[in-house]
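Work through the exercises below with the coordinates open. Try each task before reading its solution.

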Amino acid sequence: MLRHAVFATSLLLVADATAQSQPARLGLCVACHGEDGFALTTGTPHLAGQDETYLAAALAQYRSGERKSAQMRAASGALSNADVAALARWYAAQPRCRVQECSGR
């Protein structure tokens, strides 16, 4: 029974996240963090389902140079405050696990 509830909740989260329009600057993030927030490169954090406020703050810190990462500084340098907010909202809305992974729990 619990499995079914988790699976149904996962489907609702996926539907909610996909109903949201993709941020215009998502392409800057996809190569490393994936469109769905699941990192594609070793050593890159997954962003799916993380706290929106945390994601926005971290991205702003990379943009300002407060957090040190050449790749993140380059990717975030041209982002506006609105871009940062949209990207944080997008990744926070993505499910923390993929449907096939959630349904097996």
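**Exercise 1.** In which helix is the place of His 33? Then decide whether His 33 is buried or exposed, and list what it touches.

*Solution.* The model is predicted.
Step 1. His 33 lies in helix 2, which runs over residues 27–33.
Step 2. Take the relative accessible area of His 33: 9%. The cut-off for buried is under 20%. His 33 is therefore buried.
Step 3. Look for polar partners. The His 33 side chain reaches the backbone oxygen of Pro 45 at 3.0 Å.
Step 4. Set aside residues up to four places away in sequence. His 33 then touches Phe 38, Ala 39, Thr 44, Pro 45, Leu 47, Met 72 and Tyr 91.

**Exercise 2.** Find which residues form the largest nonpolar core, and which helix supplies its largest share.

*Solution.* Step 1. The core has 11 residues: Leu 26, Cys 29, Leu 47, Leu 55, Leu 59, Leu 79, Val 84, Leu 87, Ala 88, Trp 90 and Tyr 91.
Step 2. Assign them to helices. Helix 3 (52–64) and helix 5 (81–93) each supply at least two.
Step 3. Helix 5 gives the largest share, 5 residues.
Step 4. Check one member, Leu 26. Beyond its neighbours within four places in sequence, Leu 26 is in contact with Glu 35, Leu 87, Trp 90 and Tyr 91.

**Exercise 3.** Describe helix 3: its span, its buried side and its two ends.

*Solution.* Step 1. Helix 3 has 13 residues. From first C-alpha to last it reaches 18 Å, close to the 18 Å expected at 1.5 Å a residue.
Step 2. Its buried residues are Leu 55, Ala 58, Leu 59, Tyr 62 and Arg 63. They cover an arc of only 140° around the axis, so they sit on the same side of helix 3.
Step 3. Turn to the other side of helix 3. Thr 53 and Ser 64 are exposed there.
Step 4. Ask what covers the buried residues. The cover includes helix 4 (70–76) and helix 5.
Step 5. Inspect the start. A side-chain oxygen of Asp 51 comes to within 3.1 Å of the backbone nitrogen of Thr 53.
Step 6. Inspect what follows. Gly 65 comes after helix 3, with a positive phi near 95°.

**Exercise 4.** Test the span of helix 5 and list its buried residues.

*Solution.* Step 1. At 1.5 Å a residue, 13 residues should span 18 Å. The end C-alpha atoms of helix 5 are 18 Å apart, so the two agree.
Step 2. Buried in helix 5 are Asp 83, Val 84, Ala 86, Leu 87, Ala 88, Trp 90, Tyr 91 and Ala 93.

Key. Residues are numbered from 1 along each chain as its sequence is written. This is a predicted model: local features need pLDDT of at least 70, side-chain atom pairs count only at pLDDT 80 or more; totals for chains, interfaces and linings use all residues. Side-chain values use heavy atoms; hydrogens and water are left out. A nonpolar core is a set of buried Ala, Val, Leu, Ile, Met, Phe, Trp, Tyr and Cys residues joined through side-chain atoms within 4.5 Å. Buried means under 20% relative accessible area, exposed over 50%, partly exposed in between (1.4 Å probe, protein chains only). Helices (H or I, at least four residues) and strands (E, at least two) are DSSP runs, numbered from the N terminus. Contact means heavy atoms within 4.5 Å. The expected span of a helix is 1.5 Å times one less than its number of residues. The arc is that of the directions from the helix axis to the C-beta atoms. A polar contact is a pair of N or O atoms within 3.5 Å; within protein, one must be able to donate a hydrogen and the other to accept it, and residues adjacent in sequence count only if both atoms are side-chain atoms.
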